[in-house]
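Biologist: Could we go through this structure together, starting from the bound molecule and then turning to the helices?

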Amino acid sequence: MSDEKKKQPKANLSWDGKTVEVEMLEGTEGERAFNFSRLKAETGCYAFDPAMMNTCVCRSAITYVDGEQGILRHRGYAIEDLVEHCSFIEVAYLLIHGALPTTTQRQRFSRLLNIHSMLHEDMRSFFGNYPEGAHPMAVLSAMVVSLSSFYPELRLDSDKEEIDITVTRLLSKLRTIAAFSYKKSIGEPFVYPSHRHSYCENFLNMMFCSPVSLYKADDYDVAVMNKLLILHADHEQNASTTAVRMVGSTGANLYACISAGICALWGPLHGGANQAVVEMLEKIQRDGLTPDQVVAKAKDKNDPFRLMGFGHRIYKSYDPRAKIAKQLCQAMLKKKRLNDPLLDIAQGLEERALNDVYFQERNLYPNVDFYTGLIYRAMGFPKETFTVLFALGRLPGWIAHWQEMHNDPEQKIMRPRQIYTGPGKTEYVPIEARD
Ligand code: CMC
């Protein structure tokens, strides 16, 4: 046993006159956990933790979140620095490879992204078969899992070159699928990716260029798009990343795992909140509700309404991503000389809620989704594409976690248990005797 291991503190767990020692684990930043991985073997009992509110499912070196102090870091770098200084592609590289790229690595990564940006032509016809009004998240998840029938699976013993190709293929193609599904939804022809453009410029061009109107992405919009994707790039063991890890733990291929992540992200309590926030603001505007009335509705336990874009499982202070998104939103509307009444409603609601005891006692602050939808709106994205943009940003995080999981000697198939509360052994009754 190493000296380090010997020094680790232990806790005693006592019940029914018995005591077992439980090892305590400590992360880089001092966060502590009881190691319950042998709990059943040593005590005969399980740990009960619905919604995994207290459970660390792995050790991870990708992202650190301190929800009390509002800190978010990827591979040690503060989110504020990454948003200020990096492109999305550099942050994707950082998450996946563990370090920011050198100039040569960055160039190679961009080259691979360009080489793999096209979709197999046979996949084009898939888009035509979705009904009008299909939600882009439904199309995105289905198209991503379909990639597994067009492109080879990433084997777990793949060399770095193969990993790079698969990863860039996904990063690049997800962007193309996202833009194609939007074009399909508005009945316009697809715009192909071009090697002339950078990652975000390419995306904006595929979204907004059309045969009848030449489009040149505004440098400011490209810069904001980069920042928004960085804001979403990873957030440790959130619901969609856990879905990716859960499916990945069964040995399913990377495309299937990412598709599972996209489905989990879609829910309005997770990434779907960015669409839900703007829908909520529109309804408040339509119904002419005051901030007082909206906050009263959110506090009413007999009303299922919640203030969308508010609250977070981890952040018990202002979400650092929301802080950046709010500044970006204000700056963008000013730059574009846009006066969006929904921003006024959002700011009025935030002020009212933050001064309310209900929100203060529960530490409910705006989360990343509260202001991002208003930025997308100002850039011309329709509401239904907002969660697709979240998925595009989150993709490097999902890939990084998928890789980390497969290199982790502690990982096995994820298989939680339950406390069974159904009937005891019941005698079988033939159908004729059941009336
Ligand atoms: N409006 C009104 N009350 C709320 C809200 C809200 N947005 N969020 C939490 N609460 C109340 C909740 O009713 C509960 O009150 P009480 O203690 O009286 O029962 C208390 O605050 C704790 O809430 P919880 O639901 O137990 O907290 P949770 O950690 O399980 O849920 C959450 C976190 C994000 C799902 C929740 O805050 C929520 O539904 N927010 C609105 C949806 C949203 O904005 N989601 C985006 C999350 S951030 C980005 C992402 O993950 O994708």
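**Ligand surroundings and buried helices**

Modeller: This is a predicted model, and a good place to begin is the ligand, which is surrounded by 22 residues, the closest being His270, Arg306, Leu307, Gly309 and Arg313.

Biologist: By class, how many nonpolar, polar and charged residues are in the shell around the ligand?

Modeller: The shell takes in 22 residues, with His270 and Arg306 among the closest. Sorted by class, these comprise 11 nonpolar, 6 polar and 5 charged residues.

Biologist: Which residue has a backbone N or O atom 2.8 Å from an oxygen atom of the ligand?

Modeller: Two of the polar contacts to ligand oxygen atoms come from side chains, that of Lys301 at 3.0 Å and that of Asn367 at 2.9 Å. The contact at 2.8 Å instead uses a backbone N or O atom, and this atom belongs to Gly309.

Biologist: What percentage of the area that the ligand exposes when taken alone does the protein bury?

Modeller: Polar contacts reach the ligand from residues including Asn367, through an N or O atom of its side chain. Taken alone, the ligand exposes 940 Å², and the share of this area that the protein buries is 76%.

Biologist: Turning to helix H12, why is it described as largely enclosed by the rest of the structure?

Modeller: Helix H12 covers residues 254-266 and reaches 19 Å from its first C-alpha to its last, close to the 18 Å expected. Its buried residues include Leu254, Tyr255, Cys257, Ile258 and Leu265, and the cover over them includes helices H7, H8, H11 and H19. H12 is largely enclosed because the number of its 13 residues that are buried is 10.

Biologist: At the start of H12, which residue's side-chain oxygen reaches to within 3.0 Å of the backbone nitrogen of Tyr255?

Modeller: Tyr255 is itself one of the buried residues of H12. Its backbone nitrogen is approached at the start of the helix by a side-chain oxygen, and the residue supplying that oxygen is Asn253.

Biologist: Why does Ile258 count as buried?

Modeller: Ile258 lies in helix H12. Leaving aside neighbours within four places in sequence, Ile258 is in contact with Val144, Leu170, Val244, Leu395, Trp398 and Ile399. Residues under 20% relative accessible area are classed as buried, and Ile258 counts as buried because its relative accessibility is 0%.

Biologist: In which helix is Thr387 found?

Modeller: Not counting residues up to four places away in sequence, Thr387 touches Met137, Leu265, Trp266, Gly271, Gly272, Asn274 and Gln275. At 0% relative accessibility Thr387 counts as buried, and the helix in which Thr387 is found is H19.

Biologist: What covers the buried residues of helix H10?

Modeller: H10 runs over residues 219-231 and reaches 19 Å from first C-alpha to last, close to the 18 Å expected for its 13 residues. Its buried residues include Asp221, Val222, Asn226 and Leu231. The cover over the buried residues of H10 includes helices H3, H4, H9, H15, H18 and H19.

Biologist: Is Glu282 buried or exposed?

Modeller: Glu282 has its place in helix H13, residues 273-287, and touches Leu342, Arg377 and Lys383 when residues up to four places away in sequence are not counted. The limit for burial is under 20% relative accessible area. Glu282 has 16% relative accessibility, and therefore counts as buried.

Conventions:
Residues numbered from 1 in each chain as written. Predicted model: local features only at pLDDT ≥ 70, side-chain atom pairs only at ≥ 80, totals over all residues. Heavy atoms only, no water. Helix = DSSP H or I, 4+ residues; strand = E, 2+ residues; numbered from the N terminus. Expected span 1.5 Å × (residues − 1). Buried < 20%, exposed > 50% of the residue type's maximum accessible area, 1.4 Å probe, protein only. Contact = heavy atoms within 4.5 Å. Polar contact = N/O pair within 3.5 Å; in protein donor to acceptor, adjacent residues only side chain to side chain. Near = heavy atom within 4 Å. Areas by Shrake-Rupley, 256 points an atom, 1.4 Å probe, with all protein chains shown as cover. Nonpolar A, V, L, I, M, F, W, Y, C, P; charged D, E, K, R; others polar.
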